[in-house]
Amino acid sequence: MSEEPRQTTIEREFTLSGIGLHTGVTVEMKVEPAGAGAGILLKCPGGEINAVAGSALEAARNTSLTNGKITVHTVEHVLSA
């Protein structure tokens with residue numbers, strides 16, 4: 001009998017703000033809990049990006065995700081946390 005994979009989420013939403021590493025622009029990020037099986041979805045002005053391997057771009061020294069219209073750079077730090 002195979003065991004179901006464990007899924008976890010954060011307890012409650014929180015917001016972070018700071019200066020973008022590559023752009024120098026002030027950014028704000030809100031992190032919200034999600035239900036089982038929801039995965040990670042990045043909601044941005046202009047659209048949404050699923051945090052899956054198929055959304056990854058080839059990038060030097062960072063992980064960038066795109067939906068073909070918008071791109072988010074250096075997501076590896078928040079995704080690993």
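This report describes a predicted model of one protein chain, going from its overall make-up to single residues.

## Overall make-up

The chain contains 1 helix and 7 strands, and when these elements are read along the sequence they follow the pattern β-β-β-β-β-β-β-α. Along its principal axes, the C-alpha trace spans about 50 × 30 × 25 Å.

Of the 81 residues in the chain, 14% are buried. The chain exposes about 6,800 Å², and carbon and sulfur atoms supply 53% of that area. Among the contacts between residues at least 6 apart in sequence, 19% join residues that are at least 24 apart.

## The hairpin of strands 3 and 4

Strand 3 (41–44) and strand 4, which covers residues 47–50, run antiparallel and are joined by 4 bridges. Two of the pairings can be followed residue by residue: Leu-41 has Asn-50 in strand 4 as its bridge partner, while Lys-43 has Glu-48, also in strand 4.

The hairpin that these strands form has 2 residues between the strands, and within this hairpin Gly-46 takes a positive phi near 100°.

## The sheet of strands 5, 6 and 7

Further along the chain, an open sheet of 3 strands is arranged in the order 5-6-7, and its pairing is antiparallel. Strand 5 (56–57) and strand 7 (71–72) stand at the edges of this sheet, and because each has a single partner strand, one side of each is left without a neighbour in the sheet. Strand 6, made of residues 64–66, pairs with strand 7 in the antiparallel sense over 2 bridges.

## Thr-66 in strand 6

Thr-66 belongs to strand 6, where it stands opposite Thr-71 in strand 7. Is Thr-66 buried or exposed? Thr-66 has a relative accessible area of 17%, and because this lies under the 20% limit, Thr-66 counts as buried.

The surroundings of Thr-66 include both polar and wider contacts: the side chain of Thr-66 reaches the backbone oxygen of Ile-70 at 2.8 Å, and, when residues up to four places away in sequence are not counted, Thr-66 touches Ile-49, Ser-55, Leu-57 and Thr-71.

## Salt bridges

How many salt bridges does the structure hold? The structure holds 2 of them. In one, the side chains of Arg-12 and Glu-11 meet with an N to O distance of 3.6 Å, and both Arg-12 and Glu-11 are exposed.

In the other, Lys-30 is joined to Glu-32, and the closest N and O atoms are 3.1 Å apart. Glu-32 has a relative accessible area of 40%, so Glu-32 is classed as partly exposed, a term that covers values between the 20% limit for buried residues and the 50% limit for exposed ones.

## A nonpolar patch on the surface

Ile-40, Val-78 and Leu-79 together make a nonpolar surface patch of about 210 Å². Within this patch, Ile-40 comes from the loop between strand 2 (26–31) and strand 3 (41–44). The relative accessible area of Ile-40 is 44%, which means that Ile-40 is partly exposed, since this value falls between the limits of 20% and 50%.

## The helix and Ser-80

Helix 1 covers residues 76–80, and Ser-80 is found in this helix. With a relative accessibility of 63%, Ser-80 is over the 50% limit and therefore counts as exposed. The side chain of Ser-80 nevertheless has a partner, for this side chain reaches the backbone oxygen of His-77 at 3.0 Å.

Ser-80 can also be placed relative to Glu-11, the residue that meets Arg-12 in a salt bridge. Ser-80 and Glu-11 are 69 residues apart in sequence, and from C-alpha to C-alpha they are 17 Å apart in space.

Notes:
Residues numbered from 1 in each chain as written. Predicted model: local features only at pLDDT ≥ 70, side-chain atom pairs only at ≥ 80, totals over all residues. Heavy atoms only, no water. Patch = residues over 30% accessible without salt bridge, like charges linked within 9 Å, V, L, I, M, F, W, Y side chains within 5 Å. Areas by Shrake-Rupley, 256 points an atom, 1.4 Å probe, with all protein chains shown as cover. Salt bridge = Lys/Arg side-chain N within 4 Å of Asp/Glu carboxyl O. Buried < 20%, exposed > 50% of the residue type's maximum accessible area, 1.4 Å probe, protein only. Pairing = 2+ DSSP bridges. Polar contact = N/O pair within 3.5 Å; in protein donor to acceptor, adjacent residues only side chain to side chain. Contact = heavy atoms within 4.5 Å.
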